[in-house]
Amino acid sequence: MLIHHVDAVLHLRFQNGIMVSCSKDRTIAVWKMNANPQNIIMKHALVGHRAAVNVVDFDEKYIVSASGDRTIKVWGTDTCEFIRTLQGHSRGIACLQYHGNLVVSGSSDCTIKLWDIEVGAILRTLEGHEELVRCIRFDAHRIVSGAYDGKIKVWDLKAALDLRTPVKDICIRTISEHKGRVFRLQFDEFQIVSSSHDDSIVIFDFLSPHDYYSDFKVRKHQFSESSNSEISEGTLRRVNSNNSLDSLIDDLS
């Protein structure tokens with residue numbers, strides 16, 4: 001058992017022998033992992049946020065944290081020194097992903113922001129969700145977001161980064177199949193998988209996996225409650241889930 005945080009641990013990431021955790025206690029802990037789990041040690045505690053730290057991401061260069069205090073903070077992965085604060089959201093931040101020079105964040109202010117991590121500048125703000133943006137993922141082509149409005153939105157990343165592109169042309173598709181808040185999602189070139197407060201897990205297939213923009217279509221798969229196996233296409237299937245996720249992020253006002 002690893003002990004440092006004094007309140008709920010809200011998120012963690014680990015890779016290459018490093019684990020980063022964040023907590024409702026407003027701190028981030030950086031852990032050095034070893035082959036022997038008994039030898040995992042805390043390397044640093046990062047302090048600076050003024051509200052619960054809801055999500056972290058990192059690579060070999062930067063640790064990025066987002067909080068209910070409406071800010072994103074950037075820290076050096078090796079030194080654990082504070083580097084800069086990204087400010088722009090008007091309410092608490094619930095989710096983010098960091099890769100390369102790009103950070104994409106989602107907030108209780110119903111917006112998604114794209115940031116240049118090296119200079120701390122906002123590259124674009126995406127609007128369209130009607131409630132808190134709870135989960136966000138991106139790759140080289142697309143951003144996929146899920147929100148408490150029950151909607152999943154697919155955005156053209158390259159268009160979003162080109163300021164000449166009209167806002168109306170950035171959102172490729174809005175998927176409105178969930179009947180409750182969307183909490184988690186993942187995607188690849190073939191499908192989006194999402195989970196919701198409506199007790200369902202839904203898989204949306206791209207009919208043309210390598211055609212990201214021209215004819216975006218969705219197929220829905222049904223699952224069996226007893227076996228979790230696929231039954232048929234065209235209908236949604238409810239499976240058991242834990243609805244306590246609503247309490248796992250905090251200070252999003």
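**Exercise 1. Decide whether Arg164 is buried, partly exposed or exposed, and find the residue with which its side chain meets in a salt bridge.**

Solution. Begin with the accessibility of Arg164 in this predicted model, where its relative accessibility is 73%. Exposed means over 50% relative accessible area, and therefore Arg164 counts as exposed. Next, look for the partner: the side chain of Arg164 meets that of Asp162 in a salt bridge, with a distance of 3.0 Å from N to O. Finally, apply the reasoning to the partner, whose relative accessible area is 23%. Partly exposed covers the values between the limits of 20% and 50%, so Asp162 is partly exposed.

**Exercise 2. State how many salt bridges the structure holds, and describe the one between Asp57 and Arg13.**

Solution. The structure holds four salt bridges. In one of them the side chains of Asp57 and Arg13 meet, at 2.8 Å from N to O. This pair links distant parts of the chain, since Asp57 belongs to strand S5 and Arg13 to strand S1 (residues 9–15), and the two are 44 residues apart. Side chains of opposite charge can pair when their charged atoms come close. Now turn to accessibility: Asp57 has a relative accessibility of 4% and therefore counts as buried, whereas Arg13, at 29%, counts as partly exposed.

**Exercise 3. Find the distance between the closest N and O atoms in the salt bridge of Lys168 with Asp169, and classify both residues by accessibility.**

Solution. The closest N and O atoms of Lys168 and Asp169 are 3.3 Å apart. Lys168 has a relative accessible area of 69%, so this residue is exposed. Asp169 has a relative accessibility of 40%, and so counts as partly exposed.

**Exercise 4. Name the residues of the positive surface patch, and describe the places of Arg50 and Arg70.**

Solution. The patch is formed by Arg26, Arg50, Arg70 and Arg91. Arg50 is placed in the loop between strand S4 (41–47) and strand S5 (53–58), and its relative accessible area of 58% makes it exposed. Arg70 lies in another part of the chain, in the loop between strand S6 (62–67) and strand S7 (71–76), and counts as partly exposed at 38% relative accessibility. A further step is to examine the backbone of Arg70, where phi is near 80°, which is a positive value in a residue other than glycine.

**Exercise 5. Work out where Cys80 is found, what its phi value is, and whether it is buried or exposed.**

Solution. Cys80 is found in the loop between S7 and strand S8 (82–87). Its phi is near 60°, a positive value in a residue other than glycine. For the last step, recall that buried means under 20% relative accessible area; Cys80 has a relative accessibility of 8% and therefore counts as buried.

**Exercise 6. Describe the hairpin that S11 and S12 form.**

Solution. Strand S11 (residues 111–116) and strand S12 (residues 121–127) run antiparallel and are joined by six bridges. To follow one of these contacts, start at Lys113, whose bridge partner in S12 is Thr125. Four residues stand between the two strands of the hairpin, and Gly120 in the turn has a positive phi of about 80°.

**Exercise 7. Explain why S15 is largely enclosed by the rest of the structure, and identify the strands that are joined to it.**

Solution. Five of the five residues of S15 are buried, so the strand is largely enclosed by the rest of the structure. Considering the directions of these residues, Ile152, Val154 and Asp156 point one way from S15, while Lys153 and Trp155 point the other way. The next step is to find the neighbouring strands. S14 pairs with S15 in the antiparallel sense over five bridges, and Arg142 stands opposite Asp156. S15 is also joined by four bridges to strand S16 (residues 171–175), again in an antiparallel arrangement, and here Lys153 has Thr174 as its bridge partner.

The hairpin of S14 and S15 has four residues between the strands, with Gly150 in the turn showing a positive phi of about 80°. Lys151 is found in the loop between strand S14 (142–147) and strand S15 (152–156), and counts as partly exposed because its relative accessibility is 22%. As a last step, compare sequence with space: Lys151 and Gly128 are 23 residues apart in sequence, and their C-alpha atoms are 9.8 Å apart.

Terms used:
Residues numbered from 1 in each chain as written. Predicted model: local features only at pLDDT ≥ 70, side-chain atom pairs only at ≥ 80, totals over all residues. Heavy atoms only, no water. Pairing = 2+ DSSP bridges. Patch = residues over 30% accessible without salt bridge, like charges linked within 9 Å, V, L, I, M, F, W, Y side chains within 5 Å. Areas by Shrake-Rupley, 256 points an atom, 1.4 Å probe, with all protein chains shown as cover. Lys, Arg positive; Asp, Glu negative; His and termini not counted. Charge placed at Lys NZ, Arg CZ, Asp CG, Glu CD. Buried < 20%, exposed > 50% of the residue type's maximum accessible area, 1.4 Å probe, protein only.
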